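I set out to record three look-ups: a single residue, a helix pair and the enclosed cavities. The entries follow in that order.

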Amino acid sequence: MNKLCFLSLVIGLVSQSAWAENATTGVGTPSTLQAKNAFIANLMKQMTLDEKIGQLRLISIGPEMPKPEILKEITAGRIGGTFNSVVLPDNRAMQDAAGHSRNKIPMFFAYDVVHGQRTVFPISLGLASTWDMNAITRTGRVSAIEAAADGVDMTFAPMVDITRDARWGRSSEGFGEDTYLVSRISATMTRAFQGTSMQAPNSIMAVVKHFALYGAVEGGRDYNTVDMSPVRMQQDYLPPYRASIDAGAGGVMIALNSINGVPSTSNAWLLQDVLRRDWGFKGVTVSDHGAIKELIDHGVAKDFREAAKLAIKAGVDLSMNDKAYGEELPDLVKSGEVSVKEVDNAVREVLGAKWEMGLFANPYLRIGAAVDDPADRNAENRLHRAEARDVARKSVVLLKNQNDTLPLKKQGTIAVIGPLAKSSMDMMGSWSAAGLARQTVNAYDGIAAAVGDKAKLVYALGSNITDNQHAITYLNKMDDQIAIDPRPEQEMIDEAVKAAQQADVVVAVVGESRNMSHEAASRVDLVIPGRQRDLIRALKATGKPLVLVLMNGRPLALGEENELADAMVESWFLGTEGGNALADVLFGDYNPSGKLPMTFPRSVGQVPAYYNHLNTGRPYRPNDSNYTSNYFEEPTSPLFPFGYGLSYTQFSVSDITLSINKMTRKDKLTASVMVKNTGKVAGETVVQLYLRDVAASISRPVKELKNFQKVMLKSGEEKSVSFTLTEEDLKFFNPSLKYAAEAGEFKLMIGLDSENVKETTFNLL
Ligand code: BGC
């Protein structure tokens, strides 16, 4: 079969003839770099300047431009790609329009597929709580398969911004505070999205974001300034982006924040020196939403024209939802202020990305033929419920379980109470892509399904999520509204108390609405909002065993709740199968194994709170705290440390055995412990290895995660868990930004969270 025949078959019934000339490789034909470069060079020779600039425009489907105009613009060769359309006929119509453009350059379609497409998986912070790379892989793969089936070629994910400040609403979107854990997940998620080949019909291109340091915005206030030392950047904040790039990410999204005074969008050091020169990145860079024009507000561009000029010169290839390139580049090139070469560099990357996504070979690779469109794009059989349930239950972190309150028995009367108990919308979490609330199992329904007719459920709302009118007005401007029951709060609390009094146990589902943990949703406080805390106090006063199920997208300050609750479960926002997964945990059909990927502070005043801090000259000592680095109103330690999470069984960790305690730079050192399940049921835990460089040329953290292993043990079972370290694991950025290991003593710690560890030492010679 010749190539053209093959292509027509693949493309099916749609617009074959419009596309045939651009056929270069059949689907599955390996793309060589040479072929790619030659093809793109040749294509660029045929493009006018306007057509080149058109390729740099990434249009948001929605308010940015009416649909008919989009089609017209595409046909005129003035749009490179769009995002936010997941409707096959719509994407097909746009691709058809591109087929009628002069150069027939295919469009690409992007979307924020962050934690699922139609099947919503737990929010990223929940995924990180699994510490399970197989679960992350499954999440990324299913997301890619579902997104590709919706005609999506590219996702704006993974989001790997390290954050140490829970006030930041986008904490929910990232994988937490730790460089090592986030980097591992970053690489894993990237590979999962992109599959074995980005040119496969069920792979999507990963665009890692937000480059760079977005999670370090001052005060946790979104979009705020970032000011950071070069050592901290290199050591703690940049590695997760690099991990995604090293794993092959096709794209990088540029952050909205400035870094040491220079906005990322106009930051040539960041986009050229770090990204391309030092890291060898070969893919496409994408601005964030409207970021080019924001250079004016940043105060580095006096007008639109200057903003466009700064961005293209810095290395921003695609301009997202921003007219700056389209309107300003033609004249900037004409006047000689921007060279054709600078435009060409960006165009080459955009075309390169299209090649990598397999779109020149087959523009309809992911759109398919109209005859194959699903009759109902929300059909149940397009979901992956089993996968979502499994990952969701792995994301749950058991924070407290006094007197074995959990697991619950499927008997008697259970009061399910709280403003989040029946909220399917909130269960999806923010950035829920094409997920639907009506296909999502809320906590109440999950519990009801689990008990069937074995137990009786009583329900009460208990309180609104918040009674803060300022917050309600603000949050209601976002996508979905906060549901407010107009009854007096006390009446709702009284009703909940009555329900609790009839029950044997109370399960209160409390926390934040999903739009409280979102973009542009920073908080000044970390307590459970509104009258929910009064509700919890009132429920406690009934004397019934109280189980708190928390739904939230950031660490909360839970000091009082930890005192009041008999058991406490952190469930984040668990996604489509959330209620079922939660019920699996509550009733012991699944033994919780999640571990916190972020420190839970006692109070908002403790933030930034992170376990891998420096020691200072006057470290905090719990029993002798005068004139030490601490807060005086309460212990300075966290409420729940990084890496923490309980199980329905118990584990013991033996002392550490080292294969050698003097290590040359060529040696491998093996550290081993025996881990035993000392409890009555089988369970999984995460064995964590931390290191500290005791005396170095620069102050080094009190501990840093260097590896971990998730182990499953039957009751009474014991296993040896070993980690191998090389010189690489001991390296850090010294004051001259040289990445090297220094000879001397190291503390090596192994434990089941970052605080309770066994400790030994070794020396690097
Ligand atoms: C966000 C990005 C997102 C983009 C497109 C922006 O507001 O910062 O994370 O990818 O919108 O939806």
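The entries below concern a predicted model.

**Entry 1: Thr-599.** I first located Thr-599, which lies in the loop between helix H24 (578-586) and strand E17 (651-653). I then asked whether Thr-599 is buried or exposed. Its relative accessible area is 5%, and buried means under 20%, so Thr-599 is buried. Leaving aside residues up to four places away in sequence, I found that Thr-599 touches Glu-177, Pro-555, Ala-609, Tyr-610, Tyr-611, Pro-638, Phe-640 and Phe-642.

**Entry 2: helices H14 and H15.** I looked up how H14 (residues 304-314) and H15 (residues 324-334) are placed: their axes come within 9 Å and cross at roughly 85°. Angles of 65 to 115 degrees count as roughly perpendicular, and H14 and H15 are therefore roughly perpendicular to each other. Among the residues making the contact I noted Phe-304, Ala-308 and Ile-312 of H14, and Tyr-325, Leu-329 and Leu-332 of H15. By class, the contact has 8 nonpolar, no polar and 5 charged residues.

**Entry 3: cavities.** I searched the whole structure and found 4 cavities of 30 Å³ or more. The largest has a volume of about 90 Å³. Its lining comprises 13 residues, with Gln-55, Gly-77, Ser-101, Asn-103 and Ile-105 nearest the centre. I classed this lining as 6 nonpolar, 4 polar and 3 charged residues.

The second largest cavity has a volume of about 70 Å³. Its lining includes Leu-691, Arg-692, Asp-693, Glu-704 and Lys-706. Strand E21 (683-693) and strand E22 (704-713) each give two or more residues to this lining, and E21 gives the most, with 3 residues. I counted 5 nonpolar, no polar and 7 charged residues in the lining of the second largest cavity.

Key. Residues numbered from 1 in each chain as written. Predicted model: local features only at pLDDT ≥ 70, side-chain atom pairs only at ≥ 80, totals over all residues. Heavy atoms only, no water. Helix = DSSP H or I, 4+ residues; strand = E, 2+ residues; numbered from the N terminus. Buried < 20%, exposed > 50% of the residue type's maximum accessible area, 1.4 Å probe, protein only. Contact = heavy atoms within 4.5 Å. Axes fitted to C-alpha atoms, helices over the stretch in contact; angles between N-to-C directions. Parallel < 35°, antiparallel > 145°, perpendicular 65-115°, else oblique. Nonpolar A, V, L, I, M, F, W, Y, C, P; charged D, E, K, R; others polar. 1 Å grid on protein atoms, 1.4 Å probe; cavity = no way out; pocket = protein on both sides within 12 Å on 5 of 7 lines; lining within 4 Å. Points joined across faces, edges and corners; volume = space filled by probe spheres on them.
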